[in-house]
Amino acid sequence: MKCIILIGNLASGKSTVAKALELPTVVIDKYRRATENEYQAREMMVKEIHKYAHARQNFIYETTGANLVHNKAMRVIKTLGYEEIRVLLHVSQPESLRRCTARGTAAPFGKTHADSYLYINERFINEWGHVFINSEKESINEIVHKINE
């Protein structure tokens, strides 16, 4: 079983890549919209990961990695025996801000966009990813090809 873990900053192309890969996708925002309770959202997400594991199904986990939910999800994925394919999608801070502004989305947790961007980059740029992709410079087809290699 494989879990493709798409990690990247705000507006780095995670959802676009996930759609192109055509696998079921687990993303915390789906559960946050269903409940105001962060604990419940996390448990709902973990339950979905277990559902895929019991079906022995490949899936995508999409994250910025900037919260406690990420740590729990990673432990569950590893415990369930998934092969992890970690993909770090990089986008520059100005491009990330431009994309967020165009969508009307804001940085989470009341942070500024720059603070959120720097936190995620500092945390993961050196320790994450089997595949590093600059999502500003590569087409969706090139990205999907790199992940599937």
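## Close-up views of a predicted model

**View 1. Strands β1 and β4 side by side.** β1 and β4 line up in the parallel sense, and seven bridges hold the pairing together on paper. Keep in mind that this is a predicted model. To find your place in the pairing, look for I4: its bridge partner in β4 is I85. β4 also has a partnership with strand β5 (residues 131-134), again parallel, this time over four bridges. Here the residue to look for is L88, which stands opposite F132 in β5. How much of β4 is covered? Mostly covered is the answer, since six of its eight residues are buried.

**View 2. E84, a residue of β4.** E84 sits in strand β4, which spans residues 83-90. Is E84 buried or exposed? Its relative accessibility is 14%, and the cut-off for buried is under 20%, so E84 counts as buried. The side chain of E84 also has company: a polar contact of 3.5 Å joins it to the side chain of R86.

**View 3. The largest nonpolar core.** This view gathers 19 residues, the largest nonpolar core of the model. Which residues have the most contacts inside it? They are V26, M45, F59 and Y61. Several elements chip in with two or more residues: β1 (2-8), α2 (28-34), α3 (38-54), β3 (59-63) and α4 (68-79). Of these, α3 gives the most, with six residues. Apart from this core lies another one, made of 14 residues, and I4, A18, V131 and I147 are among them. You have met I4 already, as the bridge partner of I85 in β4.

**View 4. V26 and its surroundings.** Zoom in on V26, one of the residues with the most contacts inside the largest core. Which residues does V26 touch, if you skip its neighbours within four places in sequence? The list is Y31, M45, E48, I49, Y52, F59, I60, Y61 and E62. Some names here come back from the previous view: M45, F59 and Y61 are also on the list of residues with the most contacts in the core.

**View 5. Three rings in a cluster.** The structure holds two aromatic pairs. In one of them, Y52 and F59 are stacked, with 5.3 Å from centre to centre and 25° between the planes. Both of these residues are buried. The other pair is F59 with Y82: the ring centres are 5.1 Å apart and the planes meet at 85°, so this pair is edge-to-face. Where do the two partners sit? F59 lies in strand β3 and Y82 in the loop between α4 and β4, so the pair ties together parts that are 23 residues apart in sequence. Put the pairs together and you get a cluster of Y52, F59 and Y82. F59 has a relative accessible area of 0%, so it counts as buried. Y82 is buried too, because its relative accessibility is 6%.

**View 6. Two residues with positive phi.** A11 and E22 make a nice pair to look at one after the other. A11 is not a glycine, yet its phi is positive, near 60°. You will find A11 in the loop between β1 and α1 (14-21). E22 is not a glycine either, and its phi is positive as well, about 55°. This one belongs to the loop between α1 and β2 (25-27). Which of the two words, buried or exposed, fits A11? With 7% relative accessibility, A11 counts as buried. For E22 the relative accessible area is 70%, so E22 is exposed.

**View 7. Two cysteines, C3 and C100.** C3 has 0% relative accessibility, so it counts as buried. C100 comes in at 3%, so C100 counts as buried as well. How many disulfides does a search of the whole structure find? The answer is zero.

**View 8. Stepping back to the whole protein.** Now zoom out: the protein has seven helices and five strands. If you read along the sequence, the pattern goes β-α-β-α-α-β-α-β-α-α-β-α. Of its 149 residues, 47% count as buried. Take the contacts with a separation of 6 or more: 76% of them are between residues 24 or more positions apart.

Terms used: Residues are numbered from 1 along each chain as its sequence is written. This is a predicted model: local features need pLDDT of at least 70, side-chain atom pairs count only at pLDDT 80 or more; totals for chains, interfaces and linings use all residues. Side-chain values use heavy atoms; hydrogens and water are left out. A disulfide is a pair of cysteine sulfur atoms within 2.5 Å. Buried means under 20% relative accessible area, exposed over 50%, partly exposed in between (1.4 Å probe, protein chains only). A nonpolar core is a set of buried Ala, Val, Leu, Ile, Met, Phe, Trp, Tyr and Cys residues joined through side-chain atoms within 4.5 Å. Contact means heavy atoms within 4.5 Å. A polar contact is a pair of N or O atoms within 3.5 Å; within protein, one must be able to donate a hydrogen and the other to accept it, and residues adjacent in sequence count only if both atoms are side-chain atoms. Rings of Phe, Tyr and Trp (its six-membered ring) pair if their centres lie within 6.5 Å; planes under 30 degrees apart count as stacked, over 60 as edge-to-face and the rest as tilted. Two strands pair if DSSP finds at least two bridges between them.
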